[in-house]
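Here is a short briefing on selected features of one model. The topics are surface, sheet and aromatic contacts.

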Amino acid sequence: DFLVSLGVGGSFANSLVVVCVRAVHPTFDKPVMFETAGMLLLFVTLGKFLESSAKGRTKAALQRLASMAPRVATRVARDPASGLPLMSAAHEREVDVGELARGDLVKVLPGSTVPVDGRVVSGESYVDEAMISGEPLPLPKRPGDPVFGGTTNQLSPLWVESTSEAGDTALAQIVKLVEDAQAAKAPIQAFADRVANVFAPAMCAVSLLTFAFWMVMITGKIASPEWFYSDGGGGGGGGSLMAMPGMGSNSGNSEYPGAFLFSFMSAVAVLVVACPCALGLATPTAVMVGTGVGARHGVLIKGGDVLEEATKVTACVFDKTGTLTSGTLQLADQFADQTACTRLASELGVQWEAVPLLLGAGAEQASEHVIGKALVKAAAELVSKADGGGKVPALMPGGEAQVVVGGGVVATLDLPGGGVVATVGNFSLLASRGFAIPSGPLEARTLEATGQGKTTVLVGIAWPDGSNEVAGALALTDELKESARHIVDKLERRGIEVWMVTGDSSAPALFAAEQAGIDPSR
């Protein structure tokens, strides 16, 4: 900016003097350079605008991160004797999140965002922690379990004891990490700043030397007049100045240009061309935009030095869920027991193979759980393709689904032949309710799907006569992203080893690694 200011100011001042002299001496023929000053300011302003736009986009990314945390919370009074929250509305008060202190109790309703980091003291529910962990499945939360500010409660109310303040949550630390990364100087940026600090005064000195050099060369007639004219040769042929027409007599190449103006314009050219805008602005802007874009895509970059060191990367480690995979569950397979499902196929208007899916969707139709949403979506697609030949059973009038946190859901479904109780959940839930998984193809395919890392949900039917049967199993999977295999191949071609980490067991981990093209040993 200093060098640009000198160049623009000098051009404008010189042009202003020329205009004033022309007003007194109309024959004065020296050129003005107002357009030079205007164009310089235009280009510099355009650069500033682009820089500000980049900063604005980065700031918006940080604001989106910060907006995940709620601004208000419901603080609940504590029973002095037991230390548990008082459940009546009279003991609840809505406060600003910034007023919460460690040890305060807050109530988090279903669908609400947890305001601060803490631990559950009462209630059971599922909490979606994808913004922290990237895991698509919500985690069951019971008294004593930790929760994080910015995550979403899904099922039922939770009473949480704060273990942090608003500015100390995991989400706040993530935002601060990105802000610090943008403010920190990369090694190359610090070097650029040091160079820029010396560069400006050095260029001023070079500009003054340029001015003095041409003043001496012209006034002392050391330089040949031919240097300043385009036609070069001697004799009488007239010529024009190569770079600055009008600076001197144009009657012949034996004349020198105006010494002061030529020297001044040369000095100004040095200042303008030497402006270190790229050196002083490009590096910090690149760091700022890079960290901001990374944050918007879920990649947290600790600083500019990390970006610089990234050029030396020899190995890359990916998390499986939500990074290599899409992070959303989809129905992959369904297995049905023909004996159990044939009794309901005609009532539901579908083939017996589709009965477990419709029963599962009927029980989960009011659920906010990611598995329930996946089953309802798959059932809706099945019904839409059946041309009115199938339907998802409704809950019995006045009834509701009973959610077992960490297990599944139990619901009484209204069918033409009478109500049946459907139990949809994991092995533990069905075993606790007296179901026995039949040996044979159903068991084999269920175990195979589980070994491939698929989330397996069993569907059991309790008949009105008191008997029960396992109708089938539904296998859901977190599909590999379309770009995952391409990215892995591209990194491997560049000589970068690709590794995968996951909290899953070895079987699903190896299955996902095979799909992504990652060496099983990694």
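The points below cover a nonpolar patch, a sheet and an aromatic pair. The model is predicted. An open sheet has 3 strands. The nonpolar surface patch covers about 540 Å². The count of aromatic pairs comes to 1.

**Surface patch**
- Met39, Leu42, Phe43, Leu46 and Phe49 make up the nonpolar patch.
- One of these residues, Leu42, lies in helix 2, which spans residues 34-66.

**Sheet**
- The strand order is 6-5-8, and the pairing is antiparallel.
- Strand 6 (139-141) and strand 8 (152-153) are the edge strands.
- Each of them has a single partner strand, so one side of each lacks a neighbour in the sheet.
- Strand 5 covers residues 125-128 and is joined to strand 6 by 3 bridges.
- Strands 5 and 6 run antiparallel.
- Within that pairing, Ser125 has Lys141 of strand 6 as its bridge partner.

**Aromatic pair**
- The pair is formed by Phe213 and Trp214.
- Their ring centres are 5.2 Å apart, and the planes meet at 80°.
- The geometry is edge-to-face because the angle is over 60 degrees.
- Phe213 is partly exposed, at a relative accessible area of 44%.
- That value falls between the 20% and 50% cut-offs, so the residue counts as neither buried nor exposed.
- Trp214 has a relative accessible area of 19%.
- Trp214 is therefore buried, as its value is under 20%.

Terms used
Residues are numbered from 1 along each chain as its sequence is written. This is a predicted model: local features need pLDDT of at least 70, side-chain atom pairs count only at pLDDT 80 or more; totals for chains, interfaces and linings use all residues. Side-chain values use heavy atoms; hydrogens and water are left out. Patches are made of residues with over 30% relative accessible area and no salt bridge: like charges are joined within 9 Å, nonpolar side chains (Val, Leu, Ile, Met, Phe, Trp, Tyr) within 5 Å. Accessible areas come from the Shrake-Rupley method with a 1.4 Å probe; for residues, only the protein chains shown count as cover. A salt bridge is a side-chain nitrogen of Lys or Arg within 4 Å of a carboxyl oxygen of Asp or Glu. Helices (H or I, at least four residues) and strands (E, at least two) are DSSP runs, numbered from the N terminus. Two strands pair if DSSP finds at least two bridges between them. Rings of Phe, Tyr and Trp (its six-membered ring) pair if their centres lie within 6.5 Å; planes under 30 degrees apart count as stacked, over 60 as edge-to-face and the rest as tilted. Buried means under 20% relative accessible area, exposed over 50%, partly exposed in between (1.4 Å probe, protein chains only).
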